[in-house]
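Me: I am new to this structure and would be grateful for a close look at a single part of it. Please explain how that part is held and covered by what surrounds it, and then set it within the whole.

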Amino acid sequence: MDIQLKKSGIGVKEKKSKNHLLYSIKQNLFAYAMLIPTFVCMMCIHFIPMLQGIYMSLLDLNQLTMTKFLNAPFIGLKNYYEILFDEKSLIRRGFWFALRNTAIYTVVVTFATFALGIILAMLVNREFKGRGIVRTALLMPWVVPSYVVGMTWGFLWRQDSGLINIILCDILHILPEKPYWLVGPNQIWAIIIPTIWRGLPLSMILMLAGLQSISPDYYEAADIDGANGWQKFWHITLPLLKPILAINVMFSLISNIYSFNIVSMMFGNGAGIPGEWGDLLMTYIQRNTFQMWRFGPGAAALMIVMFFVLGIVALWYTLFKDDLVVK
(Lines give C-alpha, C1' and ligand atoms only; values in the text may rest on other atoms or scores of the structure.)
Protein backbone atom coordinates (compact mmCIF):
# COMPACT_ATOMS: atom_id res chain seq x y z
CA MET A 1 0.00 0.00 0.00
CA ASP A 2 2.77 2.38 1.04
CA ILE A 3 4.77 1.47 -2.05
CA GLN A 4 1.78 2.22 -4.27
CA LEU A 5 1.27 5.58 -2.55
CA LYS A 6 4.94 6.42 -2.99
CA LYS A 7 4.81 5.46 -6.66
CA SER A 8 1.66 7.44 -7.19
CA GLY A 9 3.29 10.39 -5.40
CA ILE A 10 6.30 10.19 -7.71
CA GLY A 11 4.00 10.01 -10.70
CA VAL A 12 2.13 13.11 -9.55
CA LYS A 13 5.44 15.00 -9.10
CA GLU A 14 6.63 13.99 -12.57
CA LYS A 15 3.30 15.04 -14.07
CA LYS A 16 3.46 18.39 -12.29
CA SER A 17 7.04 18.87 -13.46
CA LYS A 18 6.07 18.15 -17.09
CA ASN A 19 3.07 20.45 -16.85
CA HIS A 20 5.26 23.19 -15.40
CA LEU A 21 7.77 22.78 -18.24
CA LEU A 22 5.02 22.96 -20.87
CA TYR A 23 3.53 25.99 -19.14
CA SER A 24 6.95 27.69 -19.05
CA ILE A 25 7.47 27.03 -22.78
CA LYS A 26 4.04 28.43 -23.62
CA GLN A 27 4.62 31.48 -21.45
CA ASN A 28 7.97 32.21 -23.13
CA LEU A 29 7.05 31.12 -26.63
CA PHE A 30 7.43 34.63 -28.04
CA ALA A 31 10.89 34.99 -26.48
CA TYR A 32 11.97 31.64 -27.95
CA ALA A 33 10.66 32.72 -31.35
CA MET A 34 12.74 35.91 -31.13
CA LEU A 35 15.84 33.80 -30.39
CA ILE A 36 15.46 31.68 -33.54
CA PRO A 37 17.00 34.29 -35.93
CA THR A 38 19.96 34.68 -33.55
CA PHE A 39 20.41 30.92 -33.39
CA VAL A 40 20.29 30.62 -37.19
CA CYS A 41 22.82 33.44 -37.59
CA MET A 42 25.13 31.83 -35.03
CA MET A 43 24.93 28.55 -36.93
CA CYS A 44 25.70 30.23 -40.26
CA ILE A 45 28.43 32.56 -39.01
CA HIS A 46 30.20 30.41 -36.41
CA PHE A 47 29.34 26.73 -36.20
CA ILE A 48 29.03 25.77 -39.87
CA PRO A 49 32.35 27.47 -40.86
CA MET A 50 34.00 25.90 -37.81
CA LEU A 51 32.85 22.42 -38.84
CA GLN A 52 33.96 23.11 -42.39
CA GLY A 53 37.37 24.23 -41.13
CA ILE A 54 37.74 21.02 -39.11
CA TYR A 55 36.88 18.96 -42.18
CA MET A 56 39.29 20.97 -44.37
CA SER A 57 42.08 20.20 -41.91
CA LEU A 58 41.62 16.51 -42.71
CA LEU A 59 42.02 17.00 -46.48
CA ASP A 60 45.02 17.21 -48.81
CA LEU A 61 43.92 20.66 -49.89
CA ASN A 62 46.53 22.65 -51.80
CA GLN A 63 47.01 24.54 -55.06
CA LEU A 64 46.60 21.37 -57.11
CA THR A 65 43.45 20.13 -55.39
CA MET A 66 41.83 23.50 -54.67
CA THR A 67 39.35 23.13 -57.55
CA LYS A 68 37.91 20.07 -55.78
CA PHE A 69 37.65 21.99 -52.49
CA LEU A 70 35.77 19.75 -50.03
CA ASN A 71 36.13 16.80 -52.41
CA ALA A 72 39.92 16.91 -52.11
CA PRO A 73 41.63 13.65 -51.02
CA PHE A 74 40.95 12.73 -47.39
CA ILE A 75 44.19 12.18 -45.43
CA GLY A 76 42.93 12.11 -41.84
CA LEU A 77 45.29 13.54 -39.22
CA LYS A 78 48.33 13.79 -41.51
CA ASN A 79 48.26 17.59 -41.52
CA TYR A 80 48.24 17.65 -37.71
CA TYR A 81 51.12 15.17 -37.58
CA GLU A 82 53.13 17.25 -40.04
CA ILE A 83 52.67 20.39 -37.94
CA LEU A 84 53.24 18.90 -34.50
CA PHE A 85 55.56 15.90 -34.88
CA ASP A 86 57.17 15.59 -38.34
CA GLU A 87 60.79 16.71 -37.78
CA LYS A 88 61.45 16.82 -41.54
CA SER A 89 58.62 19.29 -42.10
CA LEU A 90 59.52 22.95 -42.53
CA ILE A 91 56.03 23.95 -41.48
CA ARG A 92 56.56 22.31 -38.07
CA ARG A 93 59.68 24.37 -37.30
CA GLY A 94 57.95 27.62 -38.19
CA PHE A 95 54.86 26.68 -36.18
CA TRP A 96 56.81 26.14 -32.96
CA PHE A 97 58.70 29.42 -33.44
CA ALA A 98 55.38 31.22 -33.93
CA LEU A 99 53.87 29.45 -30.90
CA ARG A 100 56.80 30.48 -28.70
CA ASN A 101 56.60 34.09 -29.89
CA THR A 102 52.83 34.20 -29.41
CA ALA A 103 53.16 32.85 -25.85
CA ILE A 104 55.77 35.47 -24.91
CA TYR A 105 53.84 38.20 -26.71
CA THR A 106 50.51 37.31 -25.08
CA VAL A 107 51.84 36.99 -21.52
CA VAL A 108 53.91 40.20 -21.61
CA VAL A 109 51.24 42.31 -23.32
CA THR A 110 48.41 41.02 -21.10
CA PHE A 111 50.36 41.61 -17.88
CA ALA A 112 51.73 45.00 -18.96
CA THR A 113 48.37 46.38 -20.17
CA PHE A 114 46.72 45.24 -16.93
CA ALA A 115 49.41 46.63 -14.61
CA LEU A 116 49.83 49.94 -16.46
CA GLY A 117 46.08 50.20 -17.03
CA ILE A 118 45.25 50.01 -13.34
CA ILE A 119 48.02 52.51 -12.48
CA LEU A 120 46.76 55.01 -15.04
CA ALA A 121 43.15 54.42 -13.98
CA MET A 122 44.01 55.21 -10.36
CA LEU A 123 45.84 58.36 -11.43
CA VAL A 124 43.09 59.77 -13.67
CA ASN A 125 40.43 58.79 -11.11
CA ARG A 126 41.74 61.54 -8.85
CA GLU A 127 40.53 65.13 -8.99
CA PHE A 128 42.98 67.47 -10.71
CA LYS A 129 42.89 70.35 -13.16
CA GLY A 130 42.66 69.25 -16.80
CA ARG A 131 41.60 65.70 -15.93
CA GLY A 132 39.22 65.51 -18.90
CA ILE A 133 41.95 66.52 -21.34
CA VAL A 134 44.35 63.93 -19.89
CA ARG A 135 41.72 61.17 -20.13
CA THR A 136 41.01 62.07 -23.75
CA ALA A 137 44.71 62.14 -24.63
CA LEU A 138 45.27 58.72 -23.04
CA LEU A 139 42.45 57.27 -25.13
CA MET A 140 43.96 58.40 -28.43
CA PRO A 141 46.11 55.27 -29.12
CA TRP A 142 42.97 53.14 -28.93
CA VAL A 143 41.34 55.23 -31.68
CA VAL A 144 44.23 54.63 -34.09
CA PRO A 145 43.58 51.58 -36.36
CA SER A 146 45.94 48.68 -35.73
CA TYR A 147 47.08 48.76 -39.38
CA VAL A 148 48.23 52.36 -38.91
CA VAL A 149 49.93 51.44 -35.62
CA GLY A 150 51.94 48.68 -37.32
CA MET A 151 52.97 50.88 -40.24
CA THR A 152 53.89 53.87 -38.05
CA TRP A 153 55.92 51.87 -35.55
CA GLY A 154 57.65 50.10 -38.44
CA PHE A 155 59.10 53.50 -39.43
CA LEU A 156 59.91 54.35 -35.80
CA TRP A 157 61.93 51.13 -35.35
CA ARG A 158 64.20 51.66 -38.38
CA GLN A 159 67.88 51.47 -37.55
CA ASP A 160 69.30 54.64 -39.11
CA SER A 161 66.31 56.93 -39.68
CA GLY A 162 63.97 55.62 -36.98
CA LEU A 163 62.97 58.12 -34.29
CA ILE A 164 63.49 55.60 -31.48
CA ASN A 165 67.16 55.01 -32.30
CA ILE A 166 67.71 58.73 -32.83
CA ILE A 167 66.36 59.45 -29.33
CA LEU A 168 68.15 56.53 -27.63
CA CYS A 169 71.51 56.93 -29.36
CA ASP A 170 71.90 60.44 -30.76
CA ILE A 171 70.00 62.50 -28.16
CA LEU A 172 70.07 60.57 -24.86
CA HIS A 173 73.18 58.47 -25.63
CA ILE A 174 71.70 55.51 -23.74
CA LEU A 175 72.93 52.98 -26.33
CA PRO A 176 76.44 53.06 -27.83
CA GLU A 177 75.21 52.08 -31.30
CA LYS A 178 71.91 51.89 -33.11
CA PRO A 179 70.42 48.37 -32.77
CA TYR A 180 68.41 46.46 -35.36
CA TRP A 181 64.85 46.31 -34.06
CA LEU A 182 63.23 44.61 -37.05
CA VAL A 183 65.82 41.82 -37.38
CA GLY A 184 66.80 39.16 -34.85
CA PRO A 185 65.67 38.71 -31.23
CA ASN A 186 64.70 42.39 -30.91
CA GLN A 187 61.76 41.72 -33.23
CA ILE A 188 59.65 40.35 -30.40
CA TRP A 189 59.95 43.67 -28.52
CA ALA A 190 59.30 45.60 -31.72
CA ILE A 191 55.81 44.05 -31.84
CA ILE A 192 55.15 43.87 -28.07
CA ILE A 193 55.66 47.57 -27.31
CA PRO A 194 53.27 48.93 -30.01
CA THR A 195 50.62 46.41 -28.92
CA ILE A 196 50.90 47.57 -25.31
CA TRP A 197 50.73 51.19 -26.47
CA ARG A 198 47.52 50.54 -28.38
CA GLY A 199 45.84 48.21 -25.87
CA LEU A 200 46.58 50.28 -22.78
CA PRO A 201 43.66 52.77 -23.17
CA LEU A 202 41.05 49.98 -23.24
CA SER A 203 42.49 48.42 -20.10
CA MET A 204 42.62 51.82 -18.42
CA ILE A 205 39.01 52.71 -19.24
CA LEU A 206 37.74 49.33 -17.98
CA MET A 207 39.66 49.70 -14.74
CA LEU A 208 38.50 53.30 -14.37
CA ALA A 209 34.88 52.19 -14.69
CA GLY A 210 35.52 49.60 -11.98
CA LEU A 211 37.19 52.12 -9.67
CA GLN A 212 34.30 54.54 -9.99
CA SER A 213 31.86 51.81 -8.94
CA ILE A 214 33.66 51.26 -5.60
CA SER A 215 31.98 53.10 -2.72
CA PRO A 216 34.22 55.64 -0.90
CA ASP A 217 32.88 54.23 2.38
CA TYR A 218 35.31 51.32 2.13
CA TYR A 219 38.30 53.65 1.99
CA GLU A 220 36.95 55.86 4.78
CA ALA A 221 36.58 52.82 7.02
CA ALA A 222 40.11 51.73 6.11
CA ASP A 223 41.45 55.20 7.00
CA ILE A 224 39.80 54.95 10.41
CA ASP A 225 41.52 51.58 10.94
CA GLY A 226 44.88 53.13 10.00
CA ALA A 227 45.40 51.28 6.68
CA ASN A 228 48.09 52.63 4.35
CA GLY A 229 47.78 53.05 0.57
CA TRP A 230 49.14 49.60 -0.30
CA GLN A 231 46.84 47.87 2.19
CA LYS A 232 43.81 49.69 0.79
CA PHE A 233 44.80 48.71 -2.75
CA TRP A 234 45.47 45.06 -1.87
CA HIS A 235 42.47 44.45 0.40
CA ILE A 236 39.84 46.78 -1.10
CA THR A 237 40.62 47.94 -4.63
CA LEU A 238 41.98 44.72 -6.13
CA PRO A 239 39.31 42.34 -4.72
CA LEU A 240 36.47 44.64 -5.83
CA LEU A 241 38.02 44.97 -9.29
CA LYS A 242 38.10 41.19 -9.83
CA PRO A 243 35.05 41.06 -12.15
CA ILE A 244 36.54 43.83 -14.33
CA LEU A 245 39.94 42.17 -14.13
CA ALA A 246 38.45 38.87 -15.31
CA ILE A 247 36.86 40.45 -18.38
CA ASN A 248 39.99 42.49 -19.10
CA VAL A 249 42.22 39.40 -18.96
CA MET A 250 39.90 37.43 -21.24
CA PHE A 251 39.68 40.19 -23.85
CA SER A 252 43.44 40.67 -23.78
CA LEU A 253 44.29 36.97 -24.05
CA ILE A 254 42.01 36.31 -27.02
CA SER A 255 42.96 39.54 -28.78
CA ASN A 256 46.69 38.92 -28.39
CA ILE A 257 46.63 35.26 -29.42
CA TYR A 258 44.79 36.21 -32.61
CA SER A 259 46.86 39.35 -33.20
CA PHE A 260 47.73 39.94 -36.85
CA ASN A 261 47.48 43.53 -38.08
CA ILE A 262 50.44 45.13 -36.31
CA VAL A 263 52.93 42.45 -37.41
CA SER A 264 51.42 42.33 -40.88
CA MET A 265 51.91 46.04 -41.52
CA MET A 266 55.19 46.43 -39.66
CA PHE A 267 57.01 43.92 -41.86
CA GLY A 268 55.09 44.68 -45.05
CA ASN A 269 54.22 42.34 -47.95
CA GLY A 270 50.95 41.13 -46.42
CA ALA A 271 52.05 39.12 -43.39
CA GLY A 272 55.59 39.38 -44.73
CA ILE A 273 58.33 37.15 -43.43
CA PRO A 274 58.97 38.54 -39.94
CA GLY A 275 61.53 35.85 -39.12
CA GLU A 276 62.20 33.55 -36.19
CA TRP A 277 61.43 36.15 -33.50
CA GLY A 278 58.76 38.21 -35.27
CA ASP A 279 56.27 35.63 -36.52
CA LEU A 280 53.05 35.13 -34.57
CA LEU A 281 50.62 32.26 -35.05
CA MET A 282 48.21 34.27 -37.17
CA THR A 283 50.86 35.70 -39.50
CA TYR A 284 52.42 32.26 -39.82
CA ILE A 285 49.09 30.61 -40.64
CA GLN A 286 48.11 33.36 -43.09
CA ARG A 287 51.38 33.09 -44.97
CA ASN A 288 51.39 29.30 -45.20
CA THR A 289 47.72 29.17 -46.15
CA PHE A 290 47.24 31.98 -48.66
CA GLN A 291 50.73 32.75 -49.95
CA MET A 292 51.91 29.13 -50.20
CA TRP A 293 48.47 27.69 -51.04
CA ARG A 294 48.64 25.05 -48.30
CA PHE A 295 45.03 25.19 -47.18
CA GLY A 296 44.94 21.78 -45.47
CA PRO A 297 47.89 22.41 -43.10
CA GLY A 298 46.69 25.98 -42.63
CA ALA A 299 43.26 24.77 -41.51
CA ALA A 300 44.90 22.20 -39.21
CA ALA A 301 47.12 24.87 -37.62
CA LEU A 302 44.10 27.12 -37.10
CA MET A 303 42.15 24.28 -35.48
CA ILE A 304 45.06 23.64 -33.10
CA VAL A 305 45.03 27.32 -32.11
CA MET A 306 41.24 27.31 -31.74
CA PHE A 307 41.18 24.29 -29.41
CA PHE A 308 44.07 25.78 -27.46
CA VAL A 309 42.10 29.02 -26.98
CA LEU A 310 39.02 27.04 -25.93
CA GLY A 311 41.19 25.39 -23.26
CA ILE A 312 42.35 28.81 -22.06
CA VAL A 313 38.73 30.02 -21.91
CA ALA A 314 37.76 26.94 -19.87
CA LEU A 315 40.66 27.57 -17.45
CA TRP A 316 39.76 31.26 -17.24
CA TYR A 317 36.13 30.43 -16.41
CA THR A 318 37.25 27.95 -13.73
CA LEU A 319 39.44 30.60 -12.09
CA PHE A 320 37.00 33.51 -12.30
CA LYS A 321 33.53 31.92 -12.29
CA ASP A 322 32.80 33.03 -8.70
CA ASP A 323 33.76 36.62 -9.53
CA LEU A 324 31.43 36.73 -12.54
CA VAL A 325 28.31 35.93 -10.51
CA VAL A 326 26.19 38.97 -9.68
CA LYS A 327 25.74 38.98 -5.91
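Reply: A polar contact is a pair of N or O atoms within 3.5 Å, of which, within protein, one must be able to donate a hydrogen and the other to accept it. The side chains of S146 and N261 are joined by such a contact, at 2.8 Å. The model in which this is seen is a predicted one. S146 belongs to helix 6, which covers residues 146–156, and its relative accessibility of 16% counts as buried. Beyond the neighbours within four places in sequence, S146 is in contact with R198, N261 and I262.

With this example in hand, the part chosen for the close look is helix 10. Helix 10 covers residues 229–240 and so has twelve residues, for which a rise of 1.5 Å a residue gives an expected span of 16 Å. The C-alpha atoms at its two ends lie 15 Å apart, in agreement with that expectation.

A side chain also serves the N-terminal end of helix 10. There N228 acts as a cap, with a side-chain oxygen placed 3.3 Å from the backbone nitrogen of W230.

Which residues of helix 10 are buried? They are K232, F233, I236, T237 and L238. A point about helices in general helps in reading this list. An α-helix has 3.6 residues a turn, so residues three or four places apart point the same way. The cover over the buried residues of helix 10 includes helix 4, helix 8 (187–212), helix 9 (216–224) and helix 11 (242–257).

K232 deserves attention among the buried residues, since a charged partner can be named for its side chain. K232 and D223 form a salt bridge through their side chains, with 2.9 Å from N to O. K232 has a relative accessible area of 19% and is therefore buried, the limit for that term being under 20%. D223, by contrast, is partly exposed, at 43%.

The count of salt bridges comes to six, and others among them may be set beside this pair. One joins the side chains of R100 and E276 at 3.8 Å, N to O. R100 lies in helix 4 (residues 90–124), whereas E276 lies in the loop between helix 12 (261–267) and helix 13 (281–291), so this pair ties together parts that are 176 residues apart in sequence. Both partners are partly exposed, R100 with a relative accessible area of 26% and E276 with 37%. Another salt bridge links the side chains of K178 and D170 at 3.3 Å, N to O. Here too the partners are partly exposed: K178 has a relative accessibility of 23% and D170 has 41%.

Helix 4, one of the elements that cover the buried residues of helix 10, merits a short look of its own. T113 is found in helix 4 and is buried, with a relative accessible area of 5%. The side chain of T113 reaches back to the backbone oxygen of V109, at 2.7 Å. Leaving out residues up to four places away in sequence, T113 touches I196, G199, L200, S203 and S252. R93 also lies in helix 4, but its relative accessibility of 54% counts as exposed. From R93 to I83 is a step of ten residues in sequence and 8.1 Å in space, taken from C-alpha to C-alpha.

The surface offers a further contrast with these buried positions. I36, F39, V40, M42, M43, F47 and I48 make up a nonpolar surface patch of about 630 Å². V40, one of these residues, lies in helix 2 (residues 29–56) and is partly exposed, at 42% relative accessible area.

It remains to place helix 10 within the whole. The chain contains 14 helices and zero strands. Of its 327 residues, 34% are buried. Among contacts with a separation of 6 or more, 63% come from residues 24 or more positions apart. The accessible surface amounts to about 20500 Å², and carbon and sulfur atoms hold 69% of that area.

In summary, helix 10 is capped by N228 at its N-terminal end, has its buried residues covered by elements that include helix 4 and helix 8, and contributes K232, whose side chain meets that of D223 in a salt bridge.

How values were computed: Residues are numbered from 1 along each chain as its sequence is written. This is a predicted model: local features need pLDDT of at least 70, side-chain atom pairs count only at pLDDT 80 or more; totals for chains, interfaces and linings use all residues. Side-chain values use heavy atoms; hydrogens and water are left out. Patches are made of residues with over 30% relative accessible area and no salt bridge: like charges are joined within 9 Å, nonpolar side chains (Val, Leu, Ile, Met, Phe, Trp, Tyr) within 5 Å. Accessible areas come from the Shrake-Rupley method with a 1.4 Å probe; for residues, only the protein chains shown count as cover. A salt bridge is a side-chain nitrogen of Lys or Arg within 4 Å of a carboxyl oxygen of Asp or Glu. Helices (H or I, at least four residues) and strands (E, at least two) are DSSP runs, numbered from the N terminus. Buried means under 20% relative accessible area, exposed over 50%, partly exposed in between (1.4 Å probe, protein chains only). Contact means heavy atoms within 4.5 Å. The expected span of a helix is 1.5 Å times one less than its number of residues.
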